[in-house]
Amino acid sequence: MKIDNNIDNTDAIGENHISTNHDTPLRDDAFELSDTDKIDSIKKDVTNILQTLGLDLTDDSLKGTPNRVAKMFVNEIFGGLHPDKKPKASTFDNKYQYGEMLVEKNITVYSTCEHHLLPIVGRAHVAYISNGTVVGLSKMNRIVDYYAKRPQVQERLTIQIVKELQKALGTDDVACVIDAKHLCVNSRGIRDIESSTVTSEFGGQFKKKATRREFLDYINLETKF
């Protein structure tokens, strides 16, 4: 009976998208295996899943699927788990004395829900106010992409982006808003294809109503080229 209760609790957490930690939960031995070894192991597991489902893996269309999925997991959609792939946030002195907030909006987010391993697709909007240091614009996109490329909960992803930029810039004045669709909601379960999820994290001056309002007004501007 106790085991059944634990299973019920696990299912409940999965359905409600509860995040239990700001850090991605990794084991201490997470990187003892090489990427090649991980691919070989995952390939066997995917083969077992597909065979269990009754698929014929001798078919030309399917026989390469286990290897493709394993390589995709390790090298692409979960590549952000490995600290060696963390982007270096190159920072520079703010020599031109720009003192207003800088906003990078509409950063593409491709992530994966850690509860069902289904895609999360959306946009991130990131801002900071320099205290003497600035960061290369592309690095903001790369930080978003790095933390998105792992099994995620959107709330955690939003916080991780802000914390990483706060650390790089040496300031609390960083904010992030993410608006994304979760295929675990859109394609299964309730199957609501219209809904999206919005999360935010505001640090330092962005906790002030006026500064937060200015940031939100910027990301609502229509961009045309």
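**Exercise 1. Find what share of the chain counts as buried, then outline the fold.**

Step 1. Fix the cut-offs. Buried means under 20% relative accessible area, exposed means over 50%, and partly exposed lies in between (1.4 Å probe, protein chains only).

Step 2. Apply them. Of the 225 residues of the chain, 35% count as buried.

Step 3. Note the source. This is a predicted model, in which local features need pLDDT of at least 70, side-chain atom pairs count only at pLDDT 80 or more, and totals for chains, interfaces and linings use all residues. Residues are numbered from 1 along each chain as its sequence is written, and side-chain values use heavy atoms, with hydrogens and water left out.

Step 4. List the elements. Helices (H or I, at least four residues) and strands (E, at least two) are DSSP runs, numbered from the N terminus. The chain has 7 helices and 7 strands. Their order from the N terminus is α-α-α-β-β-β-β-α-β-α-β-α-β-α.

Step 5. Add the extent. Along the principal axes, the C-alpha atoms fill a box of roughly 65 × 45 × 35 Å.

Step 6. Look at the contacts, meaning heavy atoms within 4.5 Å. Among those between residues at least 6 apart in sequence, 69% join residues at least 24 apart.

**Exercise 2. Describe how the axes of α4 and α5 cross.**

Step 1. Choose the descriptors. Two packed helices are described by the angle between their axes and the distance between the axes. Here axes are lines fitted to C-alpha atoms, for helices over the stretch in contact, and angles run from 0 to 180 degrees between N-to-C directions.

Step 2. Read the values. The axes of α4 (residues 137-148) and α5 (residues 154-169) come within 10 Å and cross at roughly 140°.

Step 3. Classify. Angles under 35 degrees are roughly parallel, over 145 roughly antiparallel, 65 to 115 roughly perpendicular, and the rest oblique. α4 and α5 are therefore oblique to each other.

Step 4. Name the residues in contact. α4 contributes Met-140, Ile-143, Val-144, Tyr-147 and Ala-148, while α5 contributes Leu-157, Gln-160, Ile-161, Glu-164 and Leu-165.

**Exercise 3. Check the span of α4 and α5, and state their burial.**

Step 1. Set the rule. The expected span of a helix is 1.5 Å times one less than its number of residues.

Step 2. Test α4. Its 12 residues should span 16 Å, and its end C-alpha atoms are 17 Å apart, which agrees.

Step 3. Test α5. Its 16 residues should span 22 Å, and its end C-alpha atoms are 23 Å apart, which agrees.

Step 4. Turn to burial. In α4, the buried residues include Lys-139, Met-140 and Tyr-146. Their cover includes β2 (101-113), β3 (119-129), β4 (133-135), β5 (151-152) and α5. α5 is mostly covered, with 12 of its 16 residues buried. Among them are Arg-156, Thr-158 and Leu-169.

Step 5. Leave α5. Gly-170 follows, and its phi is positive, near 70°.

**Exercise 4. Place Leu-26 and Ile-49, and assign their exposure.**

Step 1. Locate Leu-26. It is in the loop between α1 (2-16) and α2. Leu-26 is partly exposed, with a relative accessible area of 41%.

Step 2. Find its partners. Leaving aside neighbours within four places in sequence, Leu-26 is in contact with Phe-31 and Leu-81. Glu-114 is 88 residues from Leu-26 in sequence and 13 Å away in space, C-alpha to C-alpha.

Step 3. Locate Ile-49. It is in helix α2 (residues 35-52). At 48% relative accessibility, Ile-49 counts as partly exposed.

Step 4. Take its distance to Gly-136. Ile-49 and Gly-136 are 87 residues apart along the chain, and their C-alpha atoms are separated by 43 Å.
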